[in-house]
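Student: Could you take me through one part of this structure up close? I'd like to see how charged side chains pair up in it.

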Amino acid sequence: MTLALSPSKLKTFANCGLHYKFQYVDKIPEPPTKDTVLGNIMHRGLELLYQQPQWDRTPARLMVCIEQATHEHAEELAGLDITLAGAAELVETAATFAQRIFTIEDPSEIICLTEGSLEIESDGWILRGRYDRADASPNGTTLIDYKSGKPPKKANERDALRALILYAGMWNLTHVSEVIDVKLIFLRSTPKGKIPVVVTAYVDPTEIEGGFQRVDAMAEA
């Protein structure tokens, strides 16, 4: 039997084998939380923004995208144990986080793909994943993930990048262009105020190989 894996599944297994069993083997449904719904609305809003023509990627257009994202996730939002005022505040927070993208880049200048799927297969397992954005440049590709949670401490940044580095390896095996670096954009409020924390790393082929070796080991486990 071929084992279907993803970086999120591997992280869950590494953190708690019992949680992995409940979620992926027994398939016990987990109710939505405020953090997951907020993150879903924020991610979808940004995805829709970067699917617009470059000239139309404005703050005003982003608010329209957030409105559409909220409509698409209305069922999740309604499933939360919060008041209507609380739901409105959650959506406003998601919009605030998403708007911070304009403090670190000009979306109208970016050539990219959004929400793409990656997949590779080895003996006994298939590894799948999705990236939020793949930016094109003359030097190569940058894979990007947005985060609505708190940024990691400096000592833990490389660990936070582990999934994206795996994605880089998967991309390089399945695309003509090559990933030159990976980037996590933390859009939640930070010690610097309204400026997102961006964690970036150049792609090291040795680190990619080590990532695939970890997948082999954890698939066996």
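Tutor: Let's go through the salt bridges one pair at a time. Keep in mind that this is a predicted model. Searching the whole structure turns up 11 salt bridges.

Start with Glu 105 and Arg 133, whose closest N and O atoms sit 2.9 Å apart. Glu 105 is in the loop between H6 and strand E2 (112-122), while Arg 133 belongs to strand E3 (residues 125-137), so this salt bridge ties together parts that are 28 residues apart in sequence. Are these two buried or exposed? Glu 105 has 16% relative accessibility, so it counts as buried, and Arg 133, at 0%, counts as buried too.

Now hop over to Glu 207 and Arg 158, another salt bridge, with 2.5 Å between the closest N and O atoms. Here Glu 207 comes from helix H9 (residues 205-220) and Arg 158 from helix H7 (residues 157-160), so the pair connects parts 49 residues apart in sequence. Glu 207 is partly exposed at 23%, and Arg 158 is partly exposed at 38%. There's also a network: salt bridges with shared partners join Arg 44, Glu 47 and Glu 72.

Last, look at Arg 188 and Asp 35, where the N to O distance is 3.9 Å. This pair links distant parts of the chain, 153 residues apart: Arg 188 is in the loop between strand E5 (179-186) and strand E6 (197-202), and Asp 35 is in helix H3 (residues 34-50). With 23% relative accessibility, Arg 188 is partly exposed, whereas Asp 35, at 53%, counts as exposed.

Conventions
Residues numbered from 1 in each chain as written. Predicted model: local features only at pLDDT ≥ 70, side-chain atom pairs only at ≥ 80, totals over all residues. Heavy atoms only, no water. Salt bridge = Lys/Arg side-chain N within 4 Å of Asp/Glu carboxyl O. Helix = DSSP H or I, 4+ residues; strand = E, 2+ residues; numbered from the N terminus. Buried < 20%, exposed > 50% of the residue type's maximum accessible area, 1.4 Å probe, protein only.
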